[in-house]
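I opened this one to look up side-chain pairs, burial and internal space. My notes follow in the order I checked things.

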Amino acid sequence: MKMQQTGLKISEQLAHLNPKGAYVGLSNLLRVRFAAQDLRLFVPRAVKSQLNGAERTRFRGRGMDFEEVRLYQPGDDVRSIDWRVTARTQVPHTKLYREERERPVFILVDQRSPMFFGSQRCFKSVLAAHIGANLAWAALSNSDRIGGLVFGDNTQRDIRPRRSKHAVLEFLHQLQEFNQQLRSPIAPPESTKLEAILSDARRMAKPGCALFIVSDFHDYDQSCEQQLFELARHTDVTLIHVLDPLEKHLHSNARLSVSDGVNRLQLPTNDPNFQQAYESAYSKRLDFLTRSVKRLNIPLLSYATTDNLQLLLRERFAA
């Protein structure tokens, strides 16, 4: 009972940090900093090496910070033998390296037109921006290097990974700038495809980094799966899917009128057959995404615009 009351109290305290509205404000992205300090993006795991540093990590490869030379022990990597000391003492010696305590964190946030939609509390674009901000502040509090890519319909902005508050602030400014440019959920002709963004991410995300991709994945297809496969070979990829409840279920007792600003169409939303077809189309797209990342062994998180984001992030990334 006491634990439930404590959890409820924390939830109430963090409620004001949850995303709201159609556009994101820089002040709101800055305010989540202190809440994000409680998040830990990586769970420590033992590395398969005899040459461990002060903190075990999941990094691919060994750290490069030299620590000391000691006598060779069975099981040591022969590539780490110090041949100069060995030749001088006539006894095999091994170099020890301290593992790095940080890894580059690269965050991709989708701010294309289809993200400019929401039926309750906030738009998907706002939710994605808040998720990106939480991840960036959490990485900084863990002394990781932070970089990012914010992409819109026809433009994108790269932030070079740096272990600095200025890198996070630059990332947040870009989130706000791209978010404020959104005007319609209708993508313009020749809008940038997710496949092209993932291909570009392969150039920017260095081997061993942690890559978080925040999007609604509305145009995820077979070509995107191939790009993810290449990314997952050298980076730790996590997909974060944002959605609105209206995308999953469309229930109404009357016909709804929709418009793209030029044409107007009435949808038979009061027809059970139409509702079933609508929900089936969304489920089919989501199932394809789910099966794809499962084949690639990539984590997939899903957050809705109606969710208590801060509470769910703590359930997943609590230190």
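**Entry 1: aromatic pairs**

I counted the ring pairs and got four aromatic pairs. The model is a predicted one, and I keep that in mind throughout.

I took Tyr 23 and Phe 116 up next. Their ring centres are 5.4 Å apart and their planes stand at 45 degrees, so I log the pair as tilted. The angle is neither under 30 degrees, as stacked would need, nor over 60, as edge-to-face would need.

Where do Tyr 23 and Phe 116 sit along the chain? Tyr 23 is in the loop between helix 1 (2-14) and helix 2 (26-31). Phe 116 is in the loop between strand 3 (105-110) and helix 5 (124-141). The two are 93 residues apart, and the pair links distant parts of the chain.

I then looked up accessibility. Tyr 23 has a relative accessible area of 31%, so I note Tyr 23 as partly exposed. Phe 116 comes to 10%, so Phe 116 counts as buried.

Phe 116 has another ring partner, Phe 123. Here the centres are 4.9 Å apart and the planes are at 75 degrees, so this pair is edge-to-face. Both Phe 116 and Phe 123 are buried. I record Tyr 23, Phe 116 and Phe 123 as a cluster linked by ring pairs.

**Entry 2: salt bridges**

Side chains of opposite charge can pair when their charged atoms come close. How many salt bridges does the count give? I get eleven salt bridges. I checked three of them by residue.

I began with Asp 110 and Arg 112. They form a salt bridge, with the closest N and O atoms 2.9 Å apart. Is Asp 110 buried or exposed? Asp 110 has 0% relative accessibility, so I list Asp 110 as buried. Arg 112 is buried as well, at 1% relative accessible area.

Next I took Arg 162 and Glu 170. Their side chains meet in a salt bridge at 3.4 Å, N to O. Arg 162 is partly exposed, with a relative accessible area of 22%. Glu 170 is also partly exposed, at 22%. The limit for buried is under 20%, so neither residue gets that label.

Then came Glu 225 and Arg 295, whose side chains meet at 3.0 Å, N to O, in a salt bridge. Glu 225 lies in helix 8 (residues 222-234) and Arg 295 in helix 10 (residues 272-296). They are 70 residues apart in sequence, so the pair ties together separate parts of the chain. Glu 225 counts as buried at 9% relative accessibility. Arg 295 is exposed, at 51% relative accessible area.

I also looked for shared partners. Asp 110, Arg 112 and Asp 219 are joined into one network by salt bridges that share partners.

**Entry 3: helix 11**

Which residues of helix 11 (residues 309-317) are buried? I list Leu 309, Gln 310, Leu 313, Arg 314 and Phe 317 as buried. These residues cover an arc of only 135 degrees around the axis, so they are on the same side of helix 11.

**Entry 4: Ser 164**

I looked up Ser 164 in the loop between strand 5 (156-162) and helix 6 (165-180). Ser 164 counts as buried at 18% relative accessibility. A polar atom of the Ser 164 side chain lies 3.0 Å from the backbone nitrogen of His 166.

**Entry 5: cavities**

Rolling a probe the size of a water molecule over the atoms shows where empty space is left. I find two cavities of 30 Å³ or more.

I looked into the second largest cavity, with a volume of about 40 Å³. What lines the second largest cavity? The lining residues are Asp 216, Phe 217, His 241, Tyr 282, Arg 285, Leu 286 and Leu 289. Helix 10 gives the largest share of that lining, four residues.

**Entry 6: Leu 301**

My last lookup was Leu 301, in strand 10 (residues 300-304). Leu 301 counts as buried, at 8% relative accessibility. I also checked Leu 301 against Thr 238. Their C-alpha atoms are separated by 7.8 Å, while the residues are 63 apart along the chain.

How values were computed
Residues are numbered from 1 along each chain as its sequence is written. This is a predicted model: local features need pLDDT of at least 70, side-chain atom pairs count only at pLDDT 80 or more; totals for chains, interfaces and linings use all residues. Side-chain values use heavy atoms; hydrogens and water are left out. Rings of Phe, Tyr and Trp (its six-membered ring) pair if their centres lie within 6.5 Å; planes under 30 degrees apart count as stacked, over 60 as edge-to-face and the rest as tilted. Buried means under 20% relative accessible area, exposed over 50%, partly exposed in between (1.4 Å probe, protein chains only). A salt bridge is a side-chain nitrogen of Lys or Arg within 4 Å of a carboxyl oxygen of Asp or Glu. The arc is that of the directions from the helix axis to the C-beta atoms. A polar contact is a pair of N or O atoms within 3.5 Å; within protein, one must be able to donate a hydrogen and the other to accept it, and residues adjacent in sequence count only if both atoms are side-chain atoms. On a 1 Å grid over the protein atoms alone, a cavity is a set of points where a 1.4 Å probe fits but cannot get out, and a pocket is an open set with protein on both sides within 12 Å along at least five of seven lines; lining residues have an atom within 4 Å of a point. Grid points are joined across faces, edges and corners, and a volume is the space filled by probe spheres set on the points.
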